[in-house]
Amino acid sequence: MDEPGPAASAPTAESVVERIAGMQERVHILTGAICNNNCIFCMEEDRDGRYETNSQTTDETVRWITGLNRNTEEVCFTSGEPTTNPSLARWVKIAHDQGIRRISVMTNARALSHEPTLRRLLAAGMTRFYVSIHGHDAKLHESLTRTPGSFDQTLGGIDNIRKYKSRGIELHTSTVITRRNLPHLGEIYRFLRAHGVDQVVFNVMQANGRANTYFERIFPPYTEIAAGAKAFLDEQGAIEAQVPAFLVDIPLCTTTALPDFNRGYVERYAHYEPPTAAAEQLIPASRLASRTIEREDQKAVKVTRSDLDDAQRQKRAACATCRYDASCEGVWTNYLKRYGWDEFVPVPA
Ligand code: SF4
């Protein structure tokens, strides 16, 4: 997967704290063992491990998980590049037949430049697309995907999805912020909006996987990212009353200068995976039994986003005095190793 869940909110007058408190849990279905891009910041560096986990998803798994979660607000197919999996349309149909109302995919959309492929997903019940695109031209985008030709195909996918918006299909994008594209947020935003994108999400990297391996080359400090976002939003805010762009996965103490509306957040989600030692390590032993589900010869463990956060993020004692403490997931340990705590000043209540 290129990047974790864009989770921008729909236009609302609620504060970011209220929006975070009101989040519903979504369900992720791990579809991909393969990706046709090679992004420099991909957090799924352990491709062999991913193959082992994700290749165990079957029709029965999808039917089982979606049947258990019929009331979820969204089922999202993700991990690897879901469109490279020939089962995807069939799995979307299974989720649809279970009564899931919103079915989405995180995708680089290259395969969707082939319109019949897109139409198959729409016919099966797909309703929302989160398209990963990291620049407003081929040079910038492909310097990050490291895949020649990927920009034209991704843009072709976006332009195809756009044609179906009048039928209620939603088109969101996810742009991972790096040192290279940070100076171009405004150009990227305007380019994507001109191509019909409803919500433009700027995702700050998770300091894991390749983003950790290449950290010094690509990961800007949060305060630089917040300053870049503010400059873009000030400029764009003079043109549009409400700018549908969201900065996601950055501690809120570093974004107090941004309009509250544009401060996004990482969605609350869970996925299910086989009960390997790696999966079980993420979950406190006291909760493991309540997180394990079984049927016939199948067993799976429910892993939440908070499990991943708790394992790899930190807070310090002063965070207890911060007005965002309850909403904040903490700071990536791998980020703190490079930049330390100086940027993270608790915000008084
Ligand atoms: S709790 Fe800590 S890291 Fe989180 S926003 Fe507040 S000061 Fe920043």
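In this predicted model, helix α8 meets helix α11 through Leu185, Gly186, Tyr189 and Arg190. The α11 side of the contact is made by Gly228, Ala229, Phe232, Glu235 and Gln236. The two helices pack at an angle of about 50 degrees, and their axes are 9 Å apart. Angles between 35 and 65 degrees count as oblique, so α8 and α11 are oblique to each other.

**Aromatic pairs**

How many aromatic pairs does a search of the whole structure find? The search finds 14. One of them joins tyrosine 189 and phenylalanine 232, whose ring centres lie 5.3 Å apart. The ring planes stand at 50 degrees, so this pair is tilted. Tyrosine 189 belongs to helix α8 (residues 185-194) and phenylalanine 232 to helix α11 (residues 222-237), so the pair ties together parts that are 43 residues apart in sequence. Both residues also appear in the helix contact described above.

Are these two residues buried or exposed? Tyrosine 189 counts as buried, at 1% relative accessibility. Phenylalanine 232 is buried as well, at 5%.

Phenylalanine 232 has another ring partner, phenylalanine 202. Here the centres are 5.8 Å apart and the planes are at 80 degrees, so the pair is edge-to-face. This pair also links distant parts of the chain: phenylalanine 202 is in strand β6 (residues 199-204), 30 residues from phenylalanine 232 in helix α11. Phenylalanine 202 is buried, with a relative accessible area of 3%.

Elsewhere, ring pairs link a cluster of Phe215, Phe219, Tyr222, Tyr335, Tyr339, Trp341 and Phe344.

**Charges over rings**

Phe215 of that cluster has a charge above its ring: the charged end of arginine 338 sits over it, 4.3 Å from the centre. The charged end of arginine 313 is placed over the ring of tryptophan 332, with 3.8 Å to the ring centre.

**Salt bridges**

Side chains of opposite charge can pair when their charged atoms come close. The structure holds 25 salt bridges. Three of them are set out here.

| Acidic residue | Basic residue | N to O distance |
|---|---|---|
| Glutamate 74 | Arginine 102 | 3.4 Å |
| Glutamate 216 | Arginine 338 | 3.0 Å |
| Aspartate 325 | Lysine 315 | 2.8 Å |

Take the bridge between glutamate 74 and arginine 102, with its closest N and O atoms 3.4 Å apart. The pair links distant parts of the chain, 28 residues apart. Glutamate 74 is in the loop between α3 (59-68) and β2 (75-78), and arginine 102 is in the loop between α4 (88-97) and β3 (103-107). Glutamate 74 is buried, with a relative accessible area of 0%. Arginine 102 is partly exposed, at 25%.

Arginine 338, already placed over the ring of phenylalanine 215, also meets glutamate 216 in a salt bridge of 3.0 Å. Glutamate 216 lies in helix α10 (residues 215-218) and arginine 338 in helix α15 (residues 333-339), so the bridge ties together parts 122 residues apart in sequence. Glutamate 216 is exposed, with a relative accessible area of 52%. Arginine 338 counts as partly exposed, at 29%.

The bridge between lysine 315 and aspartate 325 spans 2.8 Å from N to O. Both residues lie in the loop between β11 (313-314) and β12 (331-332), so the pair ties together parts that are ten residues apart in sequence. Lysine 315 is partly exposed, with a relative accessible area of 33%. Aspartate 325 is partly exposed too, at 25%.

Which residues do salt bridges with shared partners join into one network? The members are Arg26, Glu73, Glu74, Arg102, Arg128, Glu170 and Glu267. Glu74 and Arg102 thus recur here, having been paired with each other above.

**Glycine 330**

The loop between β11 and β12 also holds glycine 330. Glycine 330 is buried, with a relative accessible area of 3%. Which residues does glycine 330 contact, leaving aside its neighbours within four places in sequence? They are Pro251, Arg313, Gln314 and Lys315. Among these contacts, Lys315 is the residue that bridges to aspartate 325, and Arg313 is the one whose charged end sits over the ring of tryptophan 332. The C-alpha atom of glycine 330 is 8.8 Å from that of cysteine 319, eleven residues away along the chain.

Definitions and conventions: Residues numbered from 1 in each chain as written. Predicted model: local features only at pLDDT ≥ 70, side-chain atom pairs only at ≥ 80, totals over all residues. Heavy atoms only, no water. Salt bridge = Lys/Arg side-chain N within 4 Å of Asp/Glu carboxyl O. Helix = DSSP H or I, 4+ residues; strand = E, 2+ residues; numbered from the N terminus. Buried < 20%, exposed > 50% of the residue type's maximum accessible area, 1.4 Å probe, protein only. Phe/Tyr/Trp six-rings, centres within 6.5 Å; stacked < 30°, edge-to-face > 60°. Lys NZ or Arg CZ within 6 Å of the ring centre and 35° of its normal. Axes fitted to C-alpha atoms, helices over the stretch in contact; angles between N-to-C directions. Parallel < 35°, antiparallel > 145°, perpendicular 65-115°, else oblique. Contact = heavy atoms within 4.5 Å.
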